[in-house]
Amino acid sequence: MMNSRDVDTSCALLCAIAVVYLCFNFWAHERLGADSGHYYASSHMIPGLVPISDSELSKDQYQQQGKQYDKGQNKPAAVEENIISVSPPKHHHDNLPSSDDGGVSSSSSSTITTKFHPSKWKPRLMAMVPISWPPKHNPRVEEQYHAILKTWGSHVEVLRFVVSANALAEHPASDLPWLPERMRTGELIMGVPMTRDDDPKSRNIWEKMWRAWKLAGEEYLDKFDYIAKVDFDSFFIAENMRVFGSYLDPDQPWYVGHTLFHRWRQNLIYNSGTCYVLSREAVRRLSIRLQNIPKVCYKCGGTQCADRAGAGEDPQTGGCLRDLNIVPTDSLDRNGRQRFLPFRPRDHLFNIEYKSDPHDWFWHYKGAIGQKQVKQNCCSNYPIAFHNFKTDPAVIYNKNALYELEYFFHSAPYESRILGMDPPSRKSYQYDPMILDFELEANGDIKNVRDDEKRGKWLTEENVKLLQLEDK
């Protein structure tokens with residue numbers, strides 16, 4: 001039996017351990033917030049490539065947004081690596097970064113010196129899920145709608161299922177009793193005015209999405225900091241995206257996702273449509289670009305920003321953003337692993353092998369980066385999206401899949417993600433220069449590219465004024 005002295009000694013020891021633990025956690029949080037950013041930057045940047053600068057908002061503006069204001073210090077240092085991470089060229093209207101821009105200090109100080117850090121603010125997220133209307137009804141599809149609302153859809157501030165407004169008028173959501181209540185009332189429905197039919201076989205998702213981006217820029221800009229386009233069969237890990245996005249300024253044009261290179265010879269690099277994210281400023285600029293989008297024939301247009309039947313949604317989005325000189329942001333973690341995954345976890349972990357086939361849409365031009373992204377090295381410890389959770393009976397269907405992912409990826413406290421996640425490099429896409437079979441211009445265009453496929457081709461003096469960039 002313990003006497004009172006033993007009890008007092010044990011209590012004192014436990015208190016001392018608790019104090020040490022709390023102090024260590026506070027030190028680790030502060031230290032990692034500064035030093036991990038410095039480490040990641042130095043492992044991915046090369047000299048002469050300038051990080052995209054943070055826009056400086058006033059203290060009053062930040063207080064209005066519910067964010068803490070803290071003036072930043074220096075930009076991260078840079079060292080040379082074989083794998084290159086590039087920045088888009090600056091325009092005459094962009095401010096070059098200076099020593100007092102927001103950013104993670106490259107010094108050894110443990111103080112967090114930037115206003116863009118997960119300990120400072122939480123980005124607001126919106127998600128748009130394009131679906132055909134009226135939706136096909138079977139038990140698997142019905143389960144999927146309910147699962148989305150109960151899992152990842154519950155973690156975003158704004159969720160909208162994007163449908164044809166014409167089809168919605170003919171088949172009101174209130175007439176579909178099997179849908180979740182918030183869909184039947186229209187709360188979660190975004191109707192866009194399409195000129196083509198909404199039959200999935202017609203493949204008119206591009207028209208649906210460009211109209212959705214235009215509407216988002218016109219009516220939703222005050223409701224989000226980042227907006228994700230999420231496929232119906234994708235799983236979006238919102239809390240990981242919040243941490244990732246909190247290191248970036250949403251009033252700069254960011255375009256984040258799983259970057260594909262197989263159309264690089266057309267001067268097009270874009271993010272997979274399974275799930276990608278645009279910042280508020282990227283949406284604002286894109287919506288203005290889409291106000292006068294030309295309409296062309298089915299086989300016309302190529303990678304140009306145009307409205308045409310049957311066009312692929314994700315490459316066309318990339319083409320319109322290319323007109324604005326907005327290219328994919330580097331979303332890899334410090335170990336070169338993907339955060340946006342186009343397939344299910346089991347597929348990436350066990351089934352997908354690297355291919356050097358130049359006709360392979362997934363691997364082409366990924367080179368040394370792609371060769372490492374297989375099996376147990378495929379995926380970041382803090383992924384942002386997975387895809388291919390089909391309701392088609394021809395595919396292995398698991399009605400519990402989204403709930404399982406919810407448990408594994410959304411149950412951890414937000415604060416633990418801050419300590420574990422690598423901050424983004426704040427650069428554009430990485431690539432392996434040894435794999436290229438063509439030459440690049442200084443601004444990132446391939447040599448001898450067609451004029452209508454050049455980066456930033458839409459940024460004439462008149463359109464720069466239209467985008468109101470001269471004061472940015």
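In the predicted model, the buried residues (under 20% relative accessible area, 1.4 Å probe, protein chains only) of helix α9 are Glu-313, Asp-314, Pro-315, Gln-316, Thr-317, Gly-318, Gly-319, Cys-320, Leu-321, Arg-322 and Asp-323. Helices (H or I, at least four residues) and strands (E, at least two) are DSSP runs numbered from the N terminus. Because eleven of the eleven residues of α9 (residues 313-323) are buried, this helix is largely enclosed by the rest of the structure. Its buried residues pack against α6 (205-219), β5 (226-230), β7 (255-260), β8 (270-279) and α8 (280-289), contact meaning heavy atoms within 4.5 Å. Asn-325, which follows α9, has a positive phi, near 60 degrees.

Two disulfides are counted, each a pair of cysteine sulfur atoms within 2.5 Å. In the pair Cys-305 and Cys-320 the sulfur atoms are 2.0 Å apart, and the link is right-handed, with 90 degrees about the S-S bond. Cys-305 lies in the loop between α8 and α9 and Cys-320 in helix α9, so the disulfide ties together parts 15 residues apart in sequence. The sulfur atoms of Cys-378 and Cys-379 are 2.3 Å apart; this link is left-handed, at -95 degrees.

The largest nonpolar core (buried Ala, Val, Leu, Ile, Met, Phe, Trp, Tyr and Cys residues joined through side-chain atoms within 4.5 Å) has 57 residues, of which Phe-161 and Phe-236 touch the most other members. Helix α3 (residues 139-150) contributes the largest share, five residues. Another core, of 40 residues, lies apart from it and includes Val-192 and Cys-305.

Residues are numbered from 1 along each chain as its sequence is written. Local features need pLDDT of at least 70, side-chain atom pairs count only at pLDDT 80 or more, and totals for chains, interfaces and linings use all residues, while side-chain values use heavy atoms, with hydrogens and water left out.

Conventions: Buried means under 20% relative accessible area, exposed over 50%, partly exposed in between (1.4 Å probe, protein chains only).
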